[in-house]
Amino acid sequence: MLYKTSETQRRRHKKWRDKNPEKIRKYVKEWKEKNQEKWRKYQKQYNKKWVELNRDKVNAYNRNRNPVYRLRTRKKVFNLLGGEFCVLCGCSDIRILEINHINGGGSQQMKQKTKKGIKYSYIQLLYDIKMGRLDKKYFNVMCRVCNVIDYVFRKYGEESIRDSYINTKLKLP
Ligand SMILES: [Zn+2]
């Protein structure tokens with residue numbers, strides 16, 4: 001005869017599970033250690049299924065890893081933002097061109113996580129601009145050198161850089 005759990009029993013089990021998350025965690029951990037083979041097999045199956053169900057995501061991920069596709073996306077986004085050159089010095093070497101946050105906050109944004117808990121990435125930023133999810137007016141194109149100078153000025157101010165430079169010089173014997 002099949003063992004049937006009644007509604008009350010099920011509810012009681014759930015209550016117990018909600019009350020004892022540590023016990024469950026410990027039990028799961030022990031089970032995984034004891035059944036490594038089984039667990040690995042299950043993971044493999046699960047991953048395979050996930051890939052099948054998320055074909056689009058996987059394809060997009062692979063496309064982004066492809067340097068040719070990535071360069072094409074970068075070019076497209078630079079052109080959306082005004083052109084493939086640095087707005088400050090005019091440098092047009094695509095290898096060192098970057099997207100600059102006009103009002104700053106770029107590094108903070110990179111530390112953020114997306115809704116799905118994935119770390120925000122440069123590729124994601126490119127995509128969000130390309131798809132119009134982020135407003136173009138907050139970004140422009142700068143070369144790496146100008147971007148760093150811009151960052152330093154914004155963070156420490158032009159004055160303080162000069163002051164600290166003079167101060168260091170004064171300290172010299
Ligand atoms: Zn520049």
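Of the 13 residues of helix α1, the number that are buried is zero, so this helix lies largely in the open. In this predicted model, α1 covers residues 7–19, and its end C-alpha atoms are 18 Å apart, which agrees with the 18 Å that 13 residues should span at 1.5 Å a residue.

The wider chain provides the setting for this helix. The protein has 173 residues, of which buried residues make up 9%, and its secondary structure comprises nine helices and two strands. Read along the sequence, these elements follow the pattern α-α-α-α-α-β-α-α-β-α-α. Among the contacts in the protein with a separation of 6 or more, 67% are accounted for by residues 24 or more positions apart.

One helix pair can be described in detail, namely α5, which comprises residues 67–80, and α7, which comprises residues 122–130. The axes of α5 and α7 come within 10 Å and cross at roughly 50 degrees; because angles under 35 degrees count as roughly parallel and those from 65 to 115 as roughly perpendicular, α5 and α7 are oblique to each other. The crossing in which α5 passes α7 is left-handed. On the α5 side, the residues that meet α7 are T73, R74, K76, V77 and L80, and their counterparts in α7 are L126, I129 and K130. The residues of this contact of α5 with α7 divide into four nonpolar, one polar and three charged.

Within this contact, T73 of helix α5 can be examined individually. Leaving aside neighbours within four places in sequence, T73 is in contact with L126 and K130. T73 and L126 are 53 residues apart in sequence, and their C-alpha atoms are 7.3 Å apart in space. As regards its surroundings, T73 has 18 C-beta neighbours inside 10 Å and therefore counts as partly exposed, since a residue is buried if 20 or more other C-beta atoms lie within 10 Å of its own and exposed if 12 or fewer do.

A further set of contacts involves a residue outside the helices and strands, I96, which is placed in the loop between α5 and β1, the latter running over 97–101. I96 has 14 other C-beta atoms within 10 Å and is therefore partly exposed. When residues up to four places away in sequence are not counted, I96 touches C143 and R144. For I96 and R144, a sequence separation of 48 residues is accompanied by a C-alpha to C-alpha distance of 5.5 Å.

Definitions and conventions:
Residues numbered from 1 in each chain as written. Predicted model: local features only at pLDDT ≥ 70, side-chain atom pairs only at ≥ 80, totals over all residues. Axes fitted to C-alpha atoms, helices over the stretch in contact; angles between N-to-C directions. Helix = DSSP H or I, 4+ residues; strand = E, 2+ residues; numbered from the N terminus. Parallel < 35°, antiparallel > 145°, perpendicular 65-115°, else oblique. Left-handed = near helix turned anticlockwise from the far one by under 90°. Contact = placed C-beta atoms within 7 Å. Nonpolar A, V, L, I, M, F, W, Y, C, P; charged D, E, K, R; others polar. Expected span 1.5 Å × (residues − 1).
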